[in-house]
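Here are some short exercises for you to work through with the coordinates open. Try each task yourself before reading its solution.

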Amino acid sequence: AMPPSKLPMLTLLKQARAFGLGVVLSTQNPVDLDYKGLSNAGTWLIGRLQTERDKQRVIEGLESALGGVGFDQSTIAGLLSNLTSRVFLMRNVHDDAPVLFQSRWALSYLRGPLTLTEIETLMSTRRKSSAESTPAQTAPTAAAAGAASSSRPTLPGDVGELFLKPTADGSGGLAYKPMIAGPTRLHYVDAKSGVDVWYEASYVAPFTDDGKDVSWDEAIIIEDLKGRSDTAPESSARFGEVPAAALRASSYAAWAKSLEDHLYQHAKLTVYACDQPKLSSRAGESEGDFRTRVGQTLREQRDALVEKLRAKYAPRVQALQDQLRRARDRVAREQSQYSQQKLSSAISLGATVLGALFGSRRGLSASTMGKAATAVRSAGRIGREHEDVERASESEEVLQQRLTALNADCDQEIAMLQGAVDPQAIQVREVSLSARKSDIAVGRLALLWTPWREDPSGIPRPAFKS
């Protein structure tokens with residue numbers, strides 16, 4: 001109903017023409033195409049349809065594309081029902097009516113390439129006349145033979161050919177040696193270790209000594225063969241001899257089958273797995289890189305736990321901070337009242353003493369006695385205010401101790417989580433996996449010319465890296 005390719009395809013069909021891009025759509029099952037896409041197709045090429053459902057879907061799409069203008073459903077239905085082999089109905093939105101046309105006969109009766117015996121028969125008369133005209137050239141010289149062996153061999157058209165790029169280092173003449181390259185795609189799965197890896201690479205193998213087969217046991221693996229190859233050789237390079245088996249297309253099909261068997265038996269993938277956290281290495285990832293990635297994951301998990309822990313303690317810390325702030329306000333308030341009370345008492349007591357000293361000579365009056373009593377009571381309240389200050393201070397101190405203890409508990413738990421993550425101390429398992437047989441895919445094999453150079457001692461060395 002909604003495959004991943006549907007929305008991009010509909011976007012192309014609706015908007016691509018605005019950017020000068022054309023879209024060609026081909027299908028054997030018109031029911032699979034969305035009607036919104038069919039209605040945006042300007043040119044229709046319709047072959048013979050097998051079911052009435054397909055015919056009805058195509059007719060509905062045509063009618064939607066043409067907007068019902070100049071569309072005769074019965075006529076189109078009759079044309080579609082009478083289509084024969086290689087006969088197609090073409091409907092263009094710019095034409096007034098649909099057109100029937102027939103494709104050309106494409107079957108060729110050519111048998112195939114000539115055999116060596118047939119070539120010998122055809123060339124015998126030409127060789128005879130050439131020998132009679134120039135008898136001195138019947139036997140080629142050694143130089144001519146060497147030049148012929150260094151020329152680029154001609155391959156059949158159905159045999160693919162690639163040229164591996166030589167490395168920049170090295171000197172000496174460049175020579176190409178033929179090998180067989182097979183692109184592969186392998187799937188490694190291990191549910192227990194959580195491994196699900198697709199691996200793509202090309203196997204490049206030499207020919208056997210007799211040249212009739214390919215030695216996949218001696219193959220080298222090149223991951224980006226397409227990016228490291230050219231379709232043309234280096235100039236002035238020499239070429240080695242190509243075995244006769246490599247000139248037959250049937251050999252490549254057999255070699256592809258043998259490569260598939262070799263991959264199932266020998267293509268092992270060594271991966272590294274970690275149970276905590278549950279991770280597995282990627283294809284081609286070394287153990288050191290995997291340990292580093294696991295360590296990074298552990299650090300991210302640790303940071304997430306630390307944030308969660310801080311969020312857990314945050315409400316309690318906030319509550320204690322609020323209580324501590326109120327307690328400090330109370331201490332300040334009580335301290336202010338205590339100071340005011342001391343000042344008021346001192347003033348009252350001083351006024352009483354002065355009144356007694358400089359007042360009436362007849363002795364202490366009742367008013368003076370009352371002021372003295374008031375001064376004494378005020379001095380008593382100083383003591384009570386002082387006690388209130390002490391109690392408020394004690395309450396502030398208790399709250400501060402509780403807040404300090406709570407912060408210490410939080411810091412201790414965070415310290416336990418924030419231990420250093422040592423990648424080398426992570427428990428990692430090494431797992432050797434075989435490729436899933438049903439998912440082994442071998443692409444089209446090709447003849448790969450690999451570059452070689454002679455070292456100063458005259459020994460040929462490969463001028464490429466696997």
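**Exercise 1: a small sheet**

Take the open sheet made of 3 strands, in the order β1-β2-β3 with antiparallel pairing, and work out which strands stand at the edges. Keep in mind that this is a predicted model.

*Solution.*
- Step 1: Look at the partners. β1 (43-46) and β3 (99-102) each have a single partner strand.
- Step 2: Draw the conclusion. β1 and β3 stand at the edges, so one side of each is left without a neighbour in the sheet.
- Step 3: Check the twist. On average, neighbouring strands here are turned by 25° against each other, direction ignored.
- Step 4: Zoom in on one pairing. Between β2 and β3 there are 4 bridges in the antiparallel sense, and Phe88 sits opposite Phe101 in β3.

As background, strands of a sheet pair through backbone hydrogen bonds, parallel or antiparallel.

**Exercise 2: a backbone angle to look at twice**

Find out where Arg86 is located, and say what its phi looks like.

*Solution.*
- Step 1: Place the residue. Arg86 is in the loop between α4 (73-81) and β2 (87-92).
- Step 2: Read the angle. The phi of Arg86 is positive, about 65°, although this residue is not a glycine.
- Step 3: Recall the general rule. Most residues other than glycine have a negative phi.
- Step 4: Add the surroundings. Arg86 has 31% relative accessibility, so it counts as partly exposed.

**Exercise 3: the nonpolar cores**

Which residues of the largest nonpolar core touch the most other members, and which element gives the most to this core?

*Solution.*
- Step 1: Pick out the best-connected members. Of the 38 residues in this largest core, Ile180, Tyr188, Trp216, Tyr252, Trp255 and Leu447 touch the most other members.
- Step 2: Map the core onto elements. At least two residues each come from β5 (174-190), β6 (195-205), α7 (249-266), β10 (268-274), β12 and β14 (446-454).
- Step 3: Find the top contributor. That is β6, with 6 residues.
- Step 4: Look for another core. There is a second, separate one of 13 residues, including Trp44, Ile46, Leu62 and Leu80.
- Step 5: Follow one well-connected member. Skipping neighbours within four places in sequence, Trp216 has contacts that include Ile180, Tyr203, Trp255, Leu259 and Leu445.

**Exercise 4: a threonine in a strand**

Is Thr184 buried or exposed, and which residues does Thr184 touch?

*Solution.*
- Step 1: Place Thr184. This residue belongs to strand β5.
- Step 2: Apply the cut-off. Buried means under 20% relative accessible area; Thr184 has 6%, so it is buried.
- Step 3: List what it touches. Leaving out residues up to four places away in sequence, Thr184 touches Tyr199, Glu200, Ala201, Tyr203, Leu259, Leu263, Ala441 and Val442.

**Exercise 5: salt bridges, within a helix and across the chain**

The structure holds 7 salt bridges. For three of them, Glu52 with Lys55, Lys165 with Asp230 and Arg325 with Asp322, say where the partners lie.

*Solution.*
- Step 1: Start with Glu52 and Lys55. Their closest N and O atoms are 3.6 Å apart, and both residues lie in helix α3 (residues 52-66), 3 residues apart, about one turn of the helix.
- Step 2: Compare the burial of these two. Glu52 is exposed at 58% relative accessibility, whereas Lys55 is buried at 11%.
- Step 3: Go on to Lys165 and Asp230, with an N to O distance of 3.9 Å. This pair links distant parts of the chain: Lys165 is in the loop between β4 (160-164) and β5, Asp230 is in strand β8 (residues 229-230), and they are 65 residues apart.
- Step 4: Check exposure again. Lys165 is partly exposed at 37%, and Asp230 is partly exposed at 29%.
- Step 5: Finish with Arg325 and Asp322, whose closest N and O atoms are 2.9 Å apart. They are 3 residues apart in helix α8 (residues 287-358), so about one helical turn separates them.

**Exercise 6: cysteines**

How many disulfides does the structure hold, and are Cys274 and Cys410 buried or exposed?

*Solution.*
- Step 1: Count the disulfides. There are 0.
- Step 2: Read off the accessible areas. Cys274 is buried, with a relative accessible area of 2%, and Cys410 is buried too, at 9%.

Notes:
Residues are numbered from 1 along each chain as its sequence is written. This is a predicted model: local features need pLDDT of at least 70, side-chain atom pairs count only at pLDDT 80 or more; totals for chains, interfaces and linings use all residues. Side-chain values use heavy atoms; hydrogens and water are left out. A nonpolar core is a set of buried Ala, Val, Leu, Ile, Met, Phe, Trp, Tyr and Cys residues joined through side-chain atoms within 4.5 Å. Buried means under 20% relative accessible area, exposed over 50%, partly exposed in between (1.4 Å probe, protein chains only). Contact means heavy atoms within 4.5 Å. Two strands pair if DSSP finds at least two bridges between them. Axes are lines fitted to C-alpha atoms, for helices over the stretch in contact, and angles run from 0 to 180 degrees between N-to-C directions. A disulfide is a pair of cysteine sulfur atoms within 2.5 Å. A salt bridge is a side-chain nitrogen of Lys or Arg within 4 Å of a carboxyl oxygen of Asp or Glu.
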